[in-house]
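Got your viewer open? Let's take a walk through this protein, one selection at a time.

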Amino acid sequence: MPQRPRQSIHNQFTGINNVLSAERLPHQALRGAVNVDIDQTGRPRRRKGFTPVLAGTNIRSIWSNGSTMLYAEGNQLKDFGTSAVIRSDLQLDSRVSYVDVAGQIYYTDGTISGVYTNGTNRAFGLPRPSPPRVSVISGAYAPAAYQFVITSVDAFGRESGASGVTTASVPTDSSFILSWPSSGYATRVYLSTGSVFYQVAEEPSGVATVTLSGAIGTVPLRTQFLSPAPAGQFLPYHYGRPSVA
């Protein structure tokens, strides 16, 4: 009569033991366990699987602030929630760094940079405009040496760094006609007769000239010598200030 194979039934396991030889394994040890988890009571159960949510090529730099998720795919920066392509000029293997500042997502990959807010992408900052051209006519400004700079202002209220300085010295009472290349930004005009520039005019986008006839101004220039931050590899945020490293 054939001998029945011996069986050993266990309901608790200590886990995988791949150190001891097979003939010396304790009864509660497993030689192998594929896609199996052992809980705290020693009970084995099938490991949970995964469901793919995004298919693509060279997907990397996935980031989220809890409401918006961005990621890079190939040379594109994308918004996962809206499937929008934010831009298509990333380096193919670059890693993108992000930081959320009051709902504005700053990003950079060492070559490009930008700010993404509510589906709108814009640059880190506005470029500095060229210095204005100045023509002198008779008018209300007393004889003196005058200095002029302009700045650009976008629809979000961000102001660029100031342009270079244009000077005009007048021996008689004069007014000034300032002009600059037309752009899609509003233009603020500042005047100084000493060390501080004060705003004397603001012209809407598309307007490229203004006549100054005696205005002095009381609002000082706050962006002199400033320029947009460069692209970098890391965006730290500390004490209310984002930085680029």
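One thing before we set off: this is a predicted model.

**Stop 1: a pair of strands.** Select F176 and then look across to β19, where its bridge partner is L212. Now select S179: the residue standing opposite in β19 is T209. Both pairs belong to a longer match-up, so colour all of strand β16, residues 174–179, together with β19. These two strands run antiparallel to each other and pair over four bridges. As background, strands of a sheet pair through backbone hydrogen bonds, either parallel or antiparallel.

**Stop 2: the whole sheet.** Add β13 to your selection, and you have an open sheet of three strands in the order β13-β16-β19, with antiparallel pairing. Which strands sit at the edges? They are β13 (133–141) and β19 (209–212), each of which pairs on one side only. Turn the view and compare neighbouring strands: on average they are turned by 20° against each other, ignoring direction.

**Stop 3: two faces of one strand.** Show the side chains of β19. Which of them are buried? V210 and L212 are, and they point to one face, while T209 and T211 point to the other face and are not buried. That fits a general pattern: in a regular strand the side chains alternate between the two faces of the sheet.

**Stop 4: the largest nonpolar core.** L212 leads us inside. Select F148, F176, L178, V189 and L212: of the 15 residues in the largest nonpolar core, these touch the most other members. The elements that give two or more residues to this core are β14 (144–153), β15, β16, β17 (186–192), β18 (198–203) and β19. The largest share, three residues, comes from β14.

Now zoom in on F148 and show what is in contact with it beyond its close sequence neighbours: the list includes F176, L178 and L212, along with P132, V134 and T166. Apart from this core lies another one, of twelve residues, among them A72, I86, V96 and Y98.

**Stop 5: a threonine tucked away.** Finish on T166, which is found in strand β15 (residues 166–170). Why does T166 count as buried? Because its relative accessibility is 16%, and the cut-off for buried is under 20%. Its side chain reaches the backbone oxygen of P132 at 2.7 Å. Leaving aside neighbours within four places in sequence, T166 is also in contact with P131, V134, Y146, Q147 and F148, among others.

Terms used: Residues numbered from 1 in each chain as written. Predicted model: local features only at pLDDT ≥ 70, side-chain atom pairs only at ≥ 80, totals over all residues. Heavy atoms only, no water. Pairing = 2+ DSSP bridges. Axes fitted to C-alpha atoms, helices over the stretch in contact; angles between N-to-C directions. Buried < 20%, exposed > 50% of the residue type's maximum accessible area, 1.4 Å probe, protein only. Polar contact = N/O pair within 3.5 Å; in protein donor to acceptor, adjacent residues only side chain to side chain. Contact = heavy atoms within 4.5 Å. Core = buried A, V, L, I, M, F, W, Y, C linked by side-chain atoms within 4.5 Å.
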